[in-house]
Amino acid sequence: LEGDNESLEVSPFVQALKGAKQFLVVRNSKTDLYNRIWCICELMYAKDLGLVPFKTFVTGPNSFSKETTSCLDAKSWSPEDKKKILDELQSTHDTEDID
């Protein structure tokens, strides 16, 4: 996120979701997408915008379907991004809801 005061609402990911009619999740066999904080952010905004579950399409292997993860353990290349995303998501959702 550019700028410490910038809200997730103005991020390119959220702006794209606001104009979307559908939400596409493309899984892979190497990385659990929901171990990445930006993927969690996208999912939560997609839910809040009414795209999940009925306008969501999922493709790719379900290699991590039996894994249990927590948003608190999610990774980001930027520790500042992780903190900002978690702070904003936890201001409107319980951690259990995010997980």
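**Close-up views of helix 2, helix 3 and their surroundings**

**View 1. Alanine 46 and its contacts.**
Not counting residues up to four places away in sequence, alanine 46 touches Leu17, Phe23, Leu51 and Val52 (contact means heavy atoms within 4.5 Å). The model shown in all views is predicted, so that local features need pLDDT of at least 70 and side-chain atom pairs count only at pLDDT 80 or more, while totals for chains, interfaces and linings use all residues. Residues are numbered from 1 along each chain as its sequence is written, and side-chain values use heavy atoms, with hydrogens and water left out. Alanine 46 lies in helix 2 (helices, H or I with at least four residues, and strands, E with at least two, are DSSP runs numbered from the N terminus). With a relative accessibility of 0%, alanine 46 counts as buried (buried means under 20% relative accessible area, exposed over 50%, and partly exposed in between, with a 1.4 Å probe and protein chains only). Between the C-alpha atoms of alanine 46 and leucine 24 there are 9.9 Å in space, although the two are 22 residues apart in sequence.

**View 2. Helix 2 and what covers it.**
Helix 2 runs over residues 37-48, and its buried residues are Ile37, Trp38, Cys39, Ile40, Cys41, Met44, Tyr45 and Ala46. The cover over these buried residues includes helix 1 (12-18), strand 1 (23-26), helix 3 and helix 4 (95-98). At 1.5 Å a residue, the 12 residues of helix 2 should span 16 Å (the expected span is 1.5 Å times one less than the number of residues), and the end C-alpha atoms of helix 2 are indeed 16 Å apart, which agrees.

**View 3. Isoleucine 37 in helix 2.**
Isoleucine 37 has its place in helix 2, and its relative accessibility of 0% is why isoleucine 37 counts as buried. When its neighbours within four places in sequence are left aside, isoleucine 37 is in contact with Cys71, Ala74, Lys75, Ser76, Lys82, Ile85 and Leu86. One of these partners, serine 76, is 39 residues away from isoleucine 37 in sequence, yet their C-alpha atoms are 6.0 Å apart in space.

**View 4. The packing of helix 2 with helix 3.**
Helix 2 and helix 3 (residues 79-92) pack at an angle of about 25°, and their axes are 10 Å apart (axes are lines fitted to C-alpha atoms, for helices over the stretch in contact, and angles run from 0 to 180 degrees between N-to-C directions). The two helices are therefore roughly parallel to each other, a description that applies to angles under 35 degrees. On the helix 2 side, Ile37, Trp38, Ile40, Cys41, Met44 and Tyr45 take part, and they meet Asp81, Lys82, Ile85, Leu86, Glu88 and Leu89 of helix 3. These contact residues divide into nine nonpolar, no polar and three charged (Ala, Val, Leu, Ile, Met, Phe, Trp, Tyr, Cys and Pro count as nonpolar, Asp, Glu, Lys and Arg as charged, and the others, Gly among them, as polar).

**View 5. Helix 3 and lysine 83.**
In helix 3, Asp81, Lys84, Ile85, Leu86 and Leu89 are buried, and the buried residues of this helix pack against helix 2 and helix 4. The 14 residues of helix 3 should span 20 Å at 1.5 Å a residue, and the end C-alpha atoms are 21 Å apart, which agrees. Lysine 83 also belongs to helix 3, but with a relative accessibility of 52% lysine 83 counts as exposed. From lysine 83 to leucine 72 the C-alpha distance is 9.6 Å, with 11 residues separating them in sequence.

**View 6. Glycine 50, proline 53 and serine 63.**
Glycine 50, just after helix 2, takes a positive phi of about 80°. Most residues other than glycine have a negative phi, and most peptide bonds are trans. Proline 53 sits in the loop between helix 2 and strand 2 (56-59), and the peptide bond that leads to proline 53 from valine 52 is cis, with omega near 5°. Serine 63 is found in the loop between strand 2 and helix 3, where a relative accessibility of 40% makes serine 63 count as partly exposed. Leaving aside neighbours within four places in sequence, serine 63 is in contact with Asn28 and Ser29.

Methods: Parallel < 35°, antiparallel > 145°, perpendicular 65-115°, else oblique.
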